[in-house]
Amino acid sequence: MTRLARIPALAWWQSVLVGLGCAAVMLGVRQGLSQFYGDIAGFMLLLPAVIVAALAAGRIAGLTAVVAGLVGGWIILNVNLSGDRLVEQLARVATVNFILVGLFVAMVASSLRKVVKTLDATGDTLRESEQRFRLMANTAPSPVWTTDTEARVEFVNAALEEFYGRPADQILGHVWKAAIHPDDQATVEAAMAEARPQRQPYGFEARFQHAQGDWRWMRVSVNPRFDGKGSFLGYVGMSFDISDTRHAIAALGEQERRQTFLLSLADALRDLPSPEAIMSQVEQSLGTELGVDRVGYAEVDTDAGTVFMTRDWTSGLASAEGEFAVTEVGADLISDLAEGRLIRIENIENDPRTRDALELFGRLQTRALMRAPVIRAGQLRAYLYVHEAEPRSWSDHEAELLQEVASRTWTEIERSRAEAALRESESRFRAIADTAPVLIWVTQKDRVRAFVNQAYVSWHGGSYEEARLADWRQMVHPDDHAHIRDESIQGEAAGEPFTLEARYRRADGAWRWLRSFSRPRLDANNEIIGFVGVAFDITEARQAEDDLRRINELLEERVNQALTQKAKAEADLVHAQRLETVGRLTGGVAHDFNNLLTVVIGALDIILRSPDDAAKRKKLGEAALAAARRGEGLTHQLLAFSRRQTLRPRPVDLNDQILECEPLLRQAVGDTVELRLRLRRDGAPVNVDVAQFEAALLNLVVNARHAVKDGGRIGIQTQACEVQAGDVVDLPAGPYVCVTVSDNGSGMDADVLARVFEPFFTTKSVGKGTGLGLSQVYGFARQSGGAARVSSRSGQGTRIKLYLPPLAEGLSIAEPVGTAAAPAKVTNRKLLLVEDDPSVAAIALELLIETGFSVTTADNATQALDRLAVETFDVMLSDVVMPGGMTGIELARVVATDHPDMRIVLTSGYAGDDVDAALKGTMWPFLRKPYSGEELTRILSGSEDATPT
């Protein structure tokens, strides 16, 4: 039956089904026994169904079984009733009995079910409680145990095993009593004797010996144990290690006593008027608290190496007041103090740090001492000391108290000194301010004046308080009020010094100009707490400024006139200098060209007079041609110097060009002079006109050869240079490729060095040089985007360095190509020649006809356009600079648009900067005058392009 009672609780509908099922079973039994019962109701046979239902599913199932059994029983009974009234009466009695007994049985059975459940739960709870107790006891960090009625230990937890360092079976019984400190045995026995007879809880604190051998303070708390019937079983106990707490309480007591002393000392110092009074009070209080013979302060001057002991407090000893050298009071002690260490010496005779100060300590009757340092800004400023006439062991509490008193009270001493200095400073400030002839004031945060000087009071009139509290804005002139208000608000809001200037009404009613300067006042947290201001009467200064302004205007006018005259004179001087340069240039050019023309004219004259002598004509023609080439070179040198030469730069490695020119250069210097090359290992890539570079290099080498004697040395070096701003005149900062030509020749003096790049300036004798060599070098370097610099001293040789821009990214050096074959003769091609100079046109016409072109000429761009309107051409060769209002470049643009298939070639001897700029980036080849027939044929046929860049 108990198994039925332990069936888990069911839902109400499930309980109803159980009741119906049990009733149905017993009704089936009753139906089966109908013949046996006859007219007897037999309802009591249904009670087992009620009992089983109530035990299995509770009260609802039992009641359901009662109702179902009653209904089913009456159905069975009506079938079997014979109509006898007595039988019917007995059936009704049986029904009432069944209801009463059935309800009672249902209630009893359901209650029995609850009792079984409760008993099961209680047993589980007891077992769980026992397990939980053991688990909690073993996981508790503190020792837990139980004893029997005789105080014998029955159970110990893991913490107690760990405390004693022994297993549980070695701790049971009365072993714990042997671990109590002997001094605490009586206390423990008294507590047990008082509480155990009455079965009362009790507790005590005692020292127990730990497994490690040390004594631990333990707080023990025990409570009696009783069984369910109230019988005494013994005690359960728990202990807590309170060693740290006991030590902390002891330390707290010391700390409390120290804080009490410090608070009372602070109260005593609060209203003392001077640093001396503070020191005296501290010394007396500390001496009484510690029971020492002397207390005092010492101030340390590390720079001077001295220690000044202030007036001290003593108890029967002489005063130590006075100034001493650091060595007298112990230099090692001072070093330790400077490092922030407190000095604690029980006997000065046993401490090596006091060996140099024994004589002083002997005079001061000192055998033991302590010193607490006062460090400010990382330096030892002072120390507080205590002296004892006999050896003494100082406790940690005494040392800590001395250090804390030193730190706290020295702050009070510094505060008192600062307040005294502030009072003196304020007094001095007031004295200075009141004697100053300017207006001075100090404002608070609310803009109210906190102080004004006597000059301010005199300006305002009335008493000091009236002047201080008056609204200064009411004294501002109406015309100045708006800007003064705005500027003062802006200045105060910015928190920076600011200046105001306006007219103010003085006490006598006069309007005076005042200029004021206001500066913010800051507190210790750098917060603005007001402003300090000063004002000057600048009325006379303003008047003087107006007068000075009028004088300055007059002076400026006269200075402008003088400057105009000076500028005119300078312009005249520059003009004269230009005329002198032009004259020198003209003379030099005339000299060289006359020599060349002499050769050309003489040769041509002889050729004309010797028509039959072919050999002579060839010889003289070659001489004339050579003279003309020299004239061409002279022209290029002039253009390079003036930086108006049209260069044809291309990417090139200067190292390769120098190596190509090396045979020519060695021939130029001769066998008696050493030529050394030092070329940059990684190459020297640049973008220059190769011909002009070679000419410049040759000029530099030839000049160097003229400067050295036989056996001399000339060097050529390439390198990468980094130029800083200002290092080289007219050269921007950045990387450059440098070519340096140096010699160990005679050098140059300062006068020659200053004129070395001037055109036609030469140190050679007449007829030996043109003076254009270095001018060409300078012009080439400047026109290539670089510069040239000379360094030389007389007798120490010369170094000329060319700075050239490095090759830009995206450009590459083309591989060298072989010599092009001479162009073939042209046939069946028509050419339009546009040239305004008849002589040049005649020569060009002959050259073109010899080449095979059919040539039509035009004098200017207009004629050329007219020719193009009626005739087609294959090629157009046009001069750049022509009369008629249209240049060759403009003509080329028109022709390129109207005749896109025509080849266009431009030529010029000198175009100028504007035309150079126009040529830059164009697609048409450019031929420089003078030119040969071979050059003309190559460019017209398209086998060579000389596009300017």
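Visitor: How many residues of helix α4 are buried?

Guide: This is a predicted model, where local features need pLDDT of at least 70, side-chain atom pairs count only at pLDDT 80 or more, and totals for chains, interfaces and linings use all residues. Residues are numbered from 1 along each chain as its sequence is written, and side-chain values use heavy atoms, with hydrogens and water left out. Helices (DSSP runs of H or I, at least four residues) and strands (runs of E, at least two) are numbered from the N terminus; "buried" means under 20% relative accessible area, "exposed" over 50% and "partly exposed" in between, using a 1.4 Å probe and protein chains only. α4 spans residues 47-57, and the buried ones, including Leu-47, Val-50 and Leu-55, come to 8 of its 11 residues.

Visitor: Which residue takes a positive phi just after α4?

Guide: Look right where the helix stops. A phi of about 95° turns up there, and it belongs to Gly-58.

Visitor: Which residues make up the uncovered face of strand β9?

Guide: In a regular strand, side chains alternate between the two sheet faces. β9 runs over residues 322-325, and its covered face has Gly-322 and Phe-324. That leaves the uncovered face to Glu-323 and Ala-325.

Visitor: And which residue of β9 does Met-309 stand opposite?

Guide: Strand β7 (residues 306-309) pairs with β9 in the antiparallel sense over 4 bridges; pairing requires at least two bridges found by DSSP between the strands. Across from Met-309, you'll find Gly-322.

Visitor: What is the strand order in the open sheet of 5 strands?

Guide: The pairing in this one is mixed. Reading across the sheet, the order is β19-β21-β22-β24-β23.

Visitor: Which strands stand at the edges there?

Guide: An edge strand has a single partner, so one side of it is left without a neighbour in the sheet. That is the case at residues 674-678 and at residues 787-792, which are β19 and β23.

Visitor: How many degrees are neighbouring strands of this sheet turned against each other on average?

Guide: Axes are lines fitted to C-alpha atoms (for helices, over the stretch in contact), and angles run from 0 to 180 degrees between N-to-C directions. For this average, direction is ignored, and the result is 20°.

Visitor: Which helix packs on the sheet with its direction at about 175° to that of β19?

Guide: It touches β19, β21, β22 and β24, contact being heavy atoms within 4.5 Å. Another helix, α21 (residues 690-707), lies across β21, β22 and β24, but runs at about 35° to β22. The one at about 175° to β19 covers residues 654-669 and is α20.

Visitor: How many residues of β24 are buried?

Guide: β24 has partners on both sides: 7 bridges join it to β22, running antiparallel, and 6 bridges to β23, also antiparallel. Arg-799 is the bridge partner of Ser-742 and stands opposite Ser-791 too. The strand is largely enclosed by the rest of the structure, because the buried count is 6 of the 7.

Visitor: Which residue in the turn of the β23 and β24 hairpin has a positive phi?

Guide: There are 5 residues between the two strands. One of them has a phi of about 85°, namely Gly-795.

Visitor: Are α9 and α10 roughly parallel or roughly antiparallel?

Guide: Their axes come within 10 Å and cross at roughly 155°. Under 35 degrees counts as roughly parallel, over 145 as roughly antiparallel, 65 to 115 as roughly perpendicular and the rest as oblique. The pair is therefore roughly antiparallel.

Visitor: What is the handedness of the α25 and α26 crossing?

Guide: The axes are 10 Å apart and the angle is about 15°, so these helices are roughly parallel. A crossing is left-handed if the near helix is turned anticlockwise from the far one by less than a right angle, and right-handed if clockwise. Here it is right-handed.

Visitor: Which residues of α26 make the contact?

Guide: From α25 come Ala-861, Ala-864, Leu-865 and Leu-868. On the α26 side, they are Leu-891, Val-894 and Val-895.

Visitor: Which residue of β17 is the bridge partner of Ile-440?

Guide: β17 (residues 528-537) is joined to β13 by 4 bridges, antiparallel, and pairs with β16 over 9 bridges, antiparallel as well. On the β16 side, Ser-516 has Ala-535 as its partner. For Ile-440, the partner is Val-534.
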